[in-house]
Amino acid sequence: MFTGIIEAVGTITALTPKGKDISVTVDSGKLDLSDVKLGDSIATNGVCLTVVALTGNGYVADLSLETLQRTAFATYRAGQAVNLEKAMLPTTRFGGHMVSGHVDEVAEIIERSHTGRAIEFWVRVPAHLAKYIAEKGSVTVDGISLTVNAVRGDEFKLTIVPHTAAETTMESFQPGRKVNLEVDVIARYLERLILGDKAAEKAPTVTMDLLAKSGFLKS
């Protein structure tokens, strides 16, 4: 579990094919690895990765085919900057929100503008995830815990203060950039819980949209 508060910006130094999977080597920059051991988790651009080797100035992790299909890692190359956060401890100050490091899908930056010293971004999400994005709710973009400031259909707005831009990769974001998106984990579990016994049905697939159409959600 993570908080979405980025601890350091690292750099991918190698991506090594391993059959259908790949291994990634990361220079962890200023991230303190003194308490990290093999098997620990580090969120890398929002993806929970397991440390399989320590290199002295970073770590190595394996990426499964599922991860490559779900995230923007398939487009990454050596030299790519990535946001890093170690798994939270019971004593960690909870500055962001509950982040699992399990990316839902890839979203896209579609607009960038400035308001005062802040940078504003509009982000487009896959249509089926739009229902999880709520104004003033939380969302994770490339591992960063952020507040949704406005929504319009399958798009939402982020307002990035100078500190966040300086301490993460967001300063470099431009329209067209693909980003890893994790919606609020509570919303995902709540949807499943509302289904009750229907969650065990295999066919037809029961979704929130289907429930709404069937009147199941009406009081």
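**Exercise 1. The open sheet**

Task: In this predicted model, work out in which order the strands of the open sheet of 7 strands follow one another, and which strands stand at its edges.

Solution: Reading across the open sheet, the 7 strands come in the order β10-β9-β13-β7-β8-β12-β11, and their pairing is antiparallel. The two edge positions belong to β10 (144–147) and β11 (150–152), each of which has a single partner strand, so one side of each is left without a neighbour in the sheet. As a next step, consider the twist: neighbouring strands of this sheet are turned against each other by 40° on average, with direction ignored. Finally, take one pair within the order, namely strand β9 (residues 138–141) and strand β13 (residues 178–182), which run antiparallel and are joined by 2 bridges; here Val141 has Leu181 of β13 opposite.

**Exercise 2. One residue of strand β12**

Task: Locate Lys157 in the secondary structure, decide whether Lys157 is buried or exposed, and list which residues Lys157 touches beyond four places away in sequence.

Solution: Lys157 lies in strand β12, which covers residues 155–160. Its relative accessible area is 18%, and since buried means under 20%, Lys157 counts as buried. When residues up to four places away in sequence are set aside, Lys157 touches Glu120, Phe121, Trp122, Thr147, Val148, Asn149 and Ala150.

**Exercise 3. The largest pocket**

Task: Describe the largest pocket by its volume, by the residues closest to its centre and by the classes of its lining.

Solution: The largest pocket holds about 330 Å³ of space. It is lined by 15 residues, of which Glu7, Lys86, Ala87, Met88 and Leu89 are the closest to its centre. Strands β3 (41–44) and β6 (81–86) each contribute at least two residues to this lining, and sorting the lining by class gives 7 nonpolar, 3 polar and 5 charged residues.

**Exercise 4. The second largest pocket**

Task: State the volume of the second largest pocket, and find which element gives the most to its lining.

Solution: The volume of the second largest pocket is about 280 Å³. Among the 16 residues lining it, those closest to the centre are Ile5, Ile144, Ser145, His163 and Thr164. At least two lining residues come from each of β10, β12 and α2 (162–167), and β10 gives the most, with 4 residues. By class, this lining divides into 7 nonpolar, 8 polar and 1 charged. To connect this with the first exercise, β10 is also one of the strands at the edges of the open sheet.

Key. Residues are numbered from 1 along each chain as its sequence is written. This is a predicted model: local features need pLDDT of at least 70, side-chain atom pairs count only at pLDDT 80 or more; totals for chains, interfaces and linings use all residues. Side-chain values use heavy atoms; hydrogens and water are left out. Buried means under 20% relative accessible area, exposed over 50%, partly exposed in between (1.4 Å probe, protein chains only). Contact means heavy atoms within 4.5 Å. Two strands pair if DSSP finds at least two bridges between them. Axes are lines fitted to C-alpha atoms, for helices over the stretch in contact, and angles run from 0 to 180 degrees between N-to-C directions. On a 1 Å grid over the protein atoms alone, a cavity is a set of points where a 1.4 Å probe fits but cannot get out, and a pocket is an open set with protein on both sides within 12 Å along at least five of seven lines; lining residues have an atom within 4 Å of a point. Grid points are joined across faces, edges and corners, and a volume is the space filled by probe spheres set on the points. Ala, Val, Leu, Ile, Met, Phe, Trp, Tyr, Cys and Pro count as nonpolar, Asp, Glu, Lys and Arg as charged, and the others, Gly among them, as polar.
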